[in-house]
Amino acid sequence: MNFAGRIQNWLDGFLPLLAQKDMDSLRHCRLIIAFGFLGSVFGLIYAAFYCAIGHFWGAAIIAICDSFFLGIPWMLRHTRRHYSFHGYILCTVLTFGFTSLAAIEGGVRGHAITWLATVPFCAVLLIGINASYLWCLVCMIITVVFSALDMRGMSLPYFYASQWHAAVTMAGYVGLGMFLFLLAHIFERGRLDAHQRMLQAYKELADATSQLVHGHEELERTNSQLEQANEQLRQLNLEKNEFIGIAAHDLKNPLTAVLGYSELLAGQFGSGADHASYGEKIKIAAERMLKLVTDLLDINAIEEGHVGLKMEQVDFGRVITQILHGQRMAAARKKIAIHLESPPAMFVIADTRAMLQVVENFISNAVKYSPEGRSVYVRVFPLNGEVTLEVEDEGPGLSEQDQAMLFQKYSRLTPQPTGGESSTGLGLSIVKRLAESMGARVGCRSELGRGTVFWITLRGYCSVAAA
């Protein structure tokens, strides 16, 4: 990086956040910062020169102006005011400095009055063309005032020795030319930089547009392929669902017959005969197959949107009692005690069949995964217009990984049934779908080694509390 580039990077360190809004703000802020440092350099040179020739009043005026020039870049960086505010300060300081110097250096007969012509030019660069009208008028008025004083014979004094008059005049005009050159150079560099940035932006826009056109064409081709693939998948899914529906439906009827005949066989020969044992095994196997077929039919109906729910007022206590009656035998085989904690006359807004399926799944799972000799707790309680059912077991509990997989289809979790029971991995998925269809919420709380609590919350009430 060249020297000019390093200087520009250092000056850009004074840029405020507002300078990043647009190119025009960036250009004005850069000019104000460069003008502040440029003015301070010229001021230091002139102050040193004036001190050398004994022109201390002139040096004092330049020192005052210099302090403002040096402070402007820091003010611009650390204040939230618009850049035009700082431009007005600089133009005001310039006008004050040149007017004060003209007043102690012979008025219109000195060189300082000529510097006033630079103020409107600086206003154009630092603030904008509209501001230059104001500063042009101000400088014209000041020049007219000094000229009028001179025409009336009121000569203004020189505050330095007369032998330095030629040197001061020469230094003033040389400095004026150099100042205007550098200011114009800074402006042109800023303009060229802005132009290059604009060309680069146009090039990037053209490249982006070209890539967008090619990308759009590629996207259209990809979308077309995806549409074809989705249509094939949809057809395959329909065929799969149709096959599952037909197969499961055709299997359900003979399985029901097998289950019925196995029950007759087990009952006919009594508990002591081998045939009774065979009949019981047939019955267990048929129950497992029937549960799998029923789950497949349920999940297929849910996915097809064929679940016709009839929302009505359901006696929750009656549903739970009915389910518990069916689970007592399975619990007794494992010596599991089921405790019901429920206030009387609980009602919920639900579909009766779906509610039976949800409650049966929770309670049967609690029995299935509980070790022998433990307890299962069924709690029902109302709160804020809702009724919550909780089923708590004393099983092994669920890890965080297992809990993340709950309510998903075909999910096989770490805990295993403690009595050799089967699991399809569909039950909790069906429960979640049915609960959501009824506007209910389901969830689980568990900790490894401390059991599991499954819960469902529905709209409902307790008639005793309501009364």
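**His55 and the helix 3–helix 4 pair**

Okay, let's start with one contact: a polar atom of the His55 side chain sits 3.3 Å from the backbone oxygen of Phe159. A polar contact here is an N or O pair within 3.5 Å, where within protein one atom must be able to donate a hydrogen and the other to accept it, and sequence neighbours count only if both atoms are side-chain atoms.

Quick caveat: this is a predicted model, with local features needing pLDDT of at least 70 and side-chain atom pairs 80 or more, while totals for chains, interfaces and linings use all residues. Numbering runs from 1 along each chain as its sequence is written, and side-chain values use heavy atoms, leaving out hydrogens and water.

So where is His55? In the loop between helix 2 (23–53) and helix 3 (56–78); helices are DSSP runs of H or I, at least four residues, numbered from the N terminus. His55 is buried, at 0% relative accessible area, where buried means under 20% with a 1.4 Å probe, protein chains only. Leaving out residues up to four places away in sequence, His55 touches Tyr50, Ile104, Glu105, Phe159 and Tyr160, with contact meaning heavy atoms within 4.5 Å.

Now, the helices. The axes of helix 3 and helix 4 (residues 83–104) come within 10 Å and cross at roughly 175°. Those axes are lines fitted to C-alpha atoms over the stretch in contact, with angles from 0 to 180 degrees between N-to-C directions. That makes the pair roughly antiparallel, the word for angles over 145 degrees. Residues making the contact include Trp57 and Phe68 of helix 3, and Phe85 and Ile104 of helix 4.

Methods. Helices (H or I, at least four residues) and strands (E, at least two) are DSSP runs, numbered from the N terminus. Buried means under 20% relative accessible area, exposed over 50%, partly exposed in between (1.4 Å probe, protein chains only). Angles under 35 degrees count as roughly parallel, over 145 as roughly antiparallel, 65 to 115 as roughly perpendicular and the rest as oblique.
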